[in-house]
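Biologist: Could you pick a single part of this model and take me through it closely? I'd like the whole chain briefly, then the detail.

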Amino acid sequence: QEKNRGILSAFPPSARIRSVRIRERTAWIDFNEAIGEGGGADLLLGRLDQIIHTAKQFDDIDSVQITINGKRRKTLGGEGLPIEAPLKKR
């Protein structure tokens, strides 16, 4: 439906959210490996923006910390986008 209305997603279909927890106004969102697959830097940036925008719709969230399979990573994807620190809207 969204695609027919011209709404596109940078989120890969095989990506899954494994867990979400809130700590000190940061949403810790754990994904499977697929979150870093596919696309170039622009697509990955769009993906991060979508995740941050979605989480920050809640008043008690100021930032997002992404983990993959329960572990913190320094970067996302082959482009090496930094995800080590909590992320905020750019």
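**A close look at one hairpin**

Modeller: Happy to! The protein chain has one helix and six strands, where helices (H or I, at least four residues) and strands (E, at least two) are DSSP runs numbered from the N terminus. Along the sequence their pattern reads β-β-α-β-β-β-β. Bear in mind that this is a predicted model, in which local features need pLDDT of at least 70, side-chain atom pairs count only at pLDDT 80 or more, and totals for chains, interfaces and linings use all residues. Residues are numbered from 1 along each chain as its sequence is written, and side-chain values use heavy atoms, leaving out hydrogens and water.

Now for the hairpin. Strand E1 (residues 17-23) and strand E2 (residues 26-31) run antiparallel and are joined by six bridges; DSSP must find at least two bridges for two strands to pair. Across this pairing, Ser 19 faces Asp 30 in E2. Two residues sit between the strands of the hairpin, and Glu 24 has a positive phi near 50° there.

Ile 22, in strand E1, belongs to a nonpolar surface patch with Ile 17 and Val 20, and together they offer about 280 Å² of accessible area. Such areas come from the Shrake-Rupley method with a 1.4 Å probe, and for residues only the protein chains shown count as cover. Patch members have over 30% relative accessible area and no salt bridge (a side-chain nitrogen of Lys or Arg within 4 Å of a carboxyl oxygen of Asp or Glu); nonpolar side chains (Val, Leu, Ile, Met, Phe, Trp, Tyr) are joined within 5 Å, like charges within 9 Å. Ile 22 counts as partly exposed because its relative accessibility is 48%, between buried (under 20%) and exposed (over 50%). For the wider setting, 33% of the 90 residues of the protein chain count as buried.

Key. Buried < 20%, exposed > 50% of the residue type's maximum accessible area, 1.4 Å probe, protein only.
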